[in-house]
Amino acid sequence: MRTGDIGVILCRCRGGLDQRIDLGELKIFLTALEGVAFVDITDDVCVRPDPLKKRPSKGLVLACCSKRKHIGLFKETLERAKVPLFYCEFTDILGALGPLPISSSEAAEIAKLILKAHIEKMRAAFETAPAAKAAGLKEVLGTRKERVTRRGFLRLPLMAAQIVAHYEESPVIDEKKCIAERSPCRECIRLCPFNALELRKGKIHIIEDQCKKCGFCTTVCPVDALQVPTFSALQALRLVDALADDRMQVPHRLLVFTCDRGREDLSEDKENFPHALFNPLTVRVPCVAAVAPLLLLRSLELGFEGVMVFCPDKACPKAQALKAWRDHMDSLVMMVETLGIASRLVFLGPDQGAEHDFPRILKDLSSQQNPCPLNRHPTKMSFDSREDLVHILGTCLLYTSPSPRDRTRSRMPSSA
């Protein structure tokens with residue numbers, strides 16, 4: 001095993017995955033990818049999760065089912081093995097393939113695309129996790145100074161283990177980026193739906209007892225100083241970029257941002273979520289409130305035929321964050337309507353009824369003008385949210401504004 005690389009565990013899902021794709025061929029493909037240390041094929045990891053304890057020094061991508069009770073078991077196992085929360089990815093390959101029969105080669109392409117994208121996201125996590133870990137340690141020790149008290153020093157091993165291993169997806173603050181101390185910026189405090197942020201001695205602090213881990217503060221922060229370690233801006237953008245890789249022969253891609261509850265619902269609701277119209281590519285988020293405007297605009301620019309944000313649970317303790325998020329998204333909706341690309345963006349929340357009308361929504365999406373091809377020349381990202389947002393908007397305006405010769409053009413082309 002190479003130092004600092006990523007391990008991949010493929011669960012056969014009680015033989016269900018074996019029947020759809022050639023796992024041996026998939027293993028060869030994944031092993032050849034940059035950064036992959038090993039690929040293990042195992043049986044029923046949801047019953048016997050011990051293979052999760054065999055991990056590389058950095059990251060682990062687990063291809064398994066989306067049942068939340070199983071995800072909970074996986075997390076407990078990884079916590080006991082002291083595997084950091086920001087170095088693990090869970091993805092459901094069997095659920096992504098859907099119930100309809102497709103050829104083994106088509107199924108293999110979908111599996112390769114999804115797993116390769118999550119490996120890219122994991123590599124991005126290596127760049128963002130150390131800062132998150134350091135910020136967490138400062139919070140636990142109760143100090144912002146370089147010097148640590150004797151009591152804090154003695155508590156350090158226990159506290160560090162909890163931060164590294166515990167699966168609480170709490171936002172963390174990068175003090176080097178935060179401008180609250182030297183400017184009037186208080187956006188995160190003003191907009192937090194749970195009043196879980198406060199200013200103390202010129203610095204932003206998270207009130208842990210009040211924080212619901214919705215991640216909405218990461219969406220509204222103008223300088224990316226707040227991030228969820230498992231879904232940082234860098235990780236999210238790298239993931240959607242990789243899912244738009246046109247070298248993989250996966251047509252009709254529908255990008256779906258949703259939480260663990262949403263992933264489970266989509267995986268089990270096979271009748272109401274027909275894969276015949278689209279190949280849904282699910283992006284797991286801590287909460288839909290953590291989906292930033294830049295991420296949605298980037299997804300549209302990349303050329304996905306549909307981009308859906310799906311919140312399934314009206315009783316969710318984070319539901320208040322959904323309303324704040326939707327209010328915050330009004331400006332984005334107006335922008336994409338002006339650009340003529342709003343038809344590919346769908347918001348689906350719990351207020352639209354217990355039974356979501358997936359067939360109608362997907363039929364509406366598929367009945368739009370000619371399928372939108374993947375963009376082979378998207379905007380080069382600097383990973384500065386404000387700068388990238390301006391650049392992408394400029395690109396969209398350039399490609400969607402009607403010219404004297406063509407007043408009907410309203411979709412972004414596949415190439416420039």
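The numbered points below comment on a predicted model of the protein, moving from its overall make-up to individual residues.

1. Overall make-up. The protein has 416 residues, of which 53% count as buried, and its secondary structure consists of 14 helices and twelve strands. If one takes the contacts between residues at least 6 apart in sequence, 79% of them join residues at least 24 apart.

2. The largest nonpolar core. This core has 91 residues, and those that touch the most other members are L10, I21, L30, L243, F257, L296 and W325. Helix 4 (residues 104-141) supplies the largest share of this core, namely twelve residues. Apart from this core there lies another one, of 14 residues, which includes C46, L52, V83 and F90. As general background, nonpolar side chains in soluble globular proteins tend to be buried together.

3. The surroundings of L10. When residues up to four places away in sequence are not counted, L10 touches L23, L26 and L30, and also V39, D40, I41, T42, A63 and L115. L23, L26 and L30 deserve a second look here, since they are the buried residues of helix 1 (residues 23-31). These three cover an arc of only 55 degrees around the axis, which means that they lie on the same side of helix 1. The spacing fits a general rule: an α-helix has 3.6 residues a turn, so residues three or four places apart point the same way.

4. The start of helix 1 and a charge over a ring. At the start of helix 1, the backbone nitrogen of G24 has a side-chain oxygen of D22 within 3.0 Å. Separately, the charged end of K112 sits over the ring of F29, at 5.1 Å from the centre of that ring.

5. Aromatic pairs. How many aromatic pairs does the model contain? The count comes to two. In one of them, the ring centres of F74 and F90 are 6.3 Å apart and the planes stand at 20 degrees, so this pair is stacked. Because F74 belongs to helix 2 (residues 68-80) and F90 to strand 4 (residues 88-91), the pair ties together parts that are 16 residues apart in sequence. F74 and F90 are both buried. In the pair formed by W325 and F347, the ring centres are 5.5 Å apart and the planes are at 70 degrees, so the arrangement is edge-to-face. Here W325 lies in helix 11 (residues 319-328) and F347 in strand 12 (residues 345-348), so parts 22 residues apart in sequence are tied together. As for their accessibility, W325 counts as buried because its relative accessibility is 1%, whereas F347, at 22%, counts as partly exposed.

6. E89 in strand 4. This residue lies in strand 4, and E89 counts as buried because its relative accessibility is 10%, the cut-off for that class being under 20%. With neighbours within four places in sequence left aside, E89 is in contact with L60, V61, L62, H118, K121, M122 and T230; a reviewer may wish to inspect this charged side chain in its setting.

7. Helix 8. Helix 8 (residues 233-243) is mostly covered, with eight of its eleven residues buried. The buried residues are L234, Q235, A236, L237, L239, V240, A242 and L243, and L243 was named above among the residues of the largest nonpolar core that touch the most other members.

8. Positive phi values. Most residues other than glycine have a negative phi, and two exceptions may be set side by side. N195, which is not a glycine, has a positive phi of about 50 degrees, and N195 is found in the loop between helix 6 (187-191) and strand 6 (197-200). D224, also a residue other than glycine, has a positive phi near 60 degrees, and its place is in the loop between helix 7 (216-220) and strand 8 (226-227). Are these two residues buried or exposed? N195 counts as exposed because its relative accessibility is 53%, while D224, with a relative accessible area of 12%, is buried.

9. D50. This residue lies in the loop between strand 2 (36-42) and strand 3 (59-63), and D50 is partly exposed, with a relative accessible area of 49%. Along the chain D50 and T77 are 27 residues apart, yet their C-alpha atoms are separated by 7.6 Å.

Terms used
Residues are numbered from 1 along each chain as its sequence is written. This is a predicted model: local features need pLDDT of at least 70, side-chain atom pairs count only at pLDDT 80 or more; totals for chains, interfaces and linings use all residues. Side-chain values use heavy atoms; hydrogens and water are left out. Buried means under 20% relative accessible area, exposed over 50%, partly exposed in between (1.4 Å probe, protein chains only). Helices (H or I, at least four residues) and strands (E, at least two) are DSSP runs, numbered from the N terminus. The arc is that of the directions from the helix axis to the C-beta atoms. A polar contact is a pair of N or O atoms within 3.5 Å; within protein, one must be able to donate a hydrogen and the other to accept it, and residues adjacent in sequence count only if both atoms are side-chain atoms. Rings of Phe, Tyr and Trp (its six-membered ring) pair if their centres lie within 6.5 Å; planes under 30 degrees apart count as stacked, over 60 as edge-to-face and the rest as tilted. A charge sits over a ring if NZ of Lys or CZ of Arg is within 6 Å of the ring centre and within 35 degrees of the ring normal. A nonpolar core is a set of buried Ala, Val, Leu, Ile, Met, Phe, Trp, Tyr and Cys residues joined through side-chain atoms within 4.5 Å. Contact means heavy atoms within 4.5 Å.
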